[in-house]
Amino acid sequence: MNDTKGYVFISYSTKNQADADSVRKILTENGIKTWMAPYDIPTGKSYMEVITPAIENSSIFLLLLTEEAEKSPWVPDELSIAKTSMPGRILPISRGTMPKGVLKLPLQTVQIQMVHNIQQNDQGMRAVVQRIKTRLSAIRSF
């Protein structure tokens, strides 16, 4: 895990692992540090002991909003931690899914960035990268 803020925590359902990996790759290729399970879980540590500090120490909480994320046992809890510890720094991205279940209330006042495809050249993904860079720049200037 990174020791200082300046990274993006990626929250997703493991059923969307390929999409989450693509998001991580795009961010990394654009010079943005990320934190994402299972890759950043230190050997011998449990998810439960590292997820909360990873969220709290991140600069941006990026949520891959999907129907599977709504059903995930982890995503709603991760979002709850982010809403408490980092209001205003939550960035949900979606390919059309709108929150309907447990994520509807916590996301009701959060702008969702729509993406067509999770690819480097997608206009929505370019907007995500730019929003993150702008936010990180503003956070670092404080």
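This text walks through a sheet, two helices that pack on it, and a few aromatic rings.

The model is predicted: local features need pLDDT of at least 70, side-chain atom pairs count only at pLDDT 80 or more, and totals for chains, interfaces and linings use all residues. Residues are numbered from 1 along each chain as its sequence is written, and side-chain values use heavy atoms, leaving out hydrogens and water.

Start with the sheet. Strands of a sheet pair through backbone hydrogen bonds, either parallel or antiparallel. Here 5 strands form an open sheet with parallel pairing, in the order β2-β1-β3-β4-β5. Strands (E, at least two residues) and helices (H or I, at least four) are DSSP runs, numbered from the N terminus, and two strands pair if DSSP finds at least two bridges between them. The edges are β2 (33–35) and β5 (113–114); each has a single partner strand, so one side of each lacks a neighbour in the sheet. Strand β1 (residues 7–11) is joined to β3 (residues 60–65) by 4 bridges, and S11 stands opposite L63 in β3.

Next come the helices. Helix α2 packs on the sheet and touches β1, β2 and β3, where contact means heavy atoms within 4.5 Å. The direction of α2 makes about 130 degrees with that of β1; axes are lines fitted to C-alpha atoms, for helices over the stretch in contact, and angles run from 0 to 180 degrees between N-to-C directions. Helix α4 lies across β1, β3 and β4 (90–94), at about 150 degrees to β3.

The helices α2 (residues 47–56) and α4 (residues 75–85) also pack together, at an angle of about 35 degrees and with axes 9 Å apart. In this contact, I51, T52, I55 and E56 of α2 meet E78, I81, A82 and S85 of α4.

Last, the aromatic rings. Rings of Phe, Tyr and Trp (its six-membered ring) pair if their centres lie within 6.5 Å; planes under 30 degrees apart count as stacked, over 60 as edge-to-face and the rest as tilted. By this rule there are 3 aromatic pairs. F9 and W35 are stacked, because their ring centres are 5.1 Å apart and their planes stand at 10 degrees. This pair links F9 in strand β1 with W35 in strand β2, 26 residues apart. Ring pairs join F9, W35 and F61 into a cluster.

F9 is buried at 1% relative accessibility, and W35 is buried at 0% (buried means under 20% relative accessible area, exposed over 50%, partly exposed in between, with a 1.4 Å probe and protein chains only).
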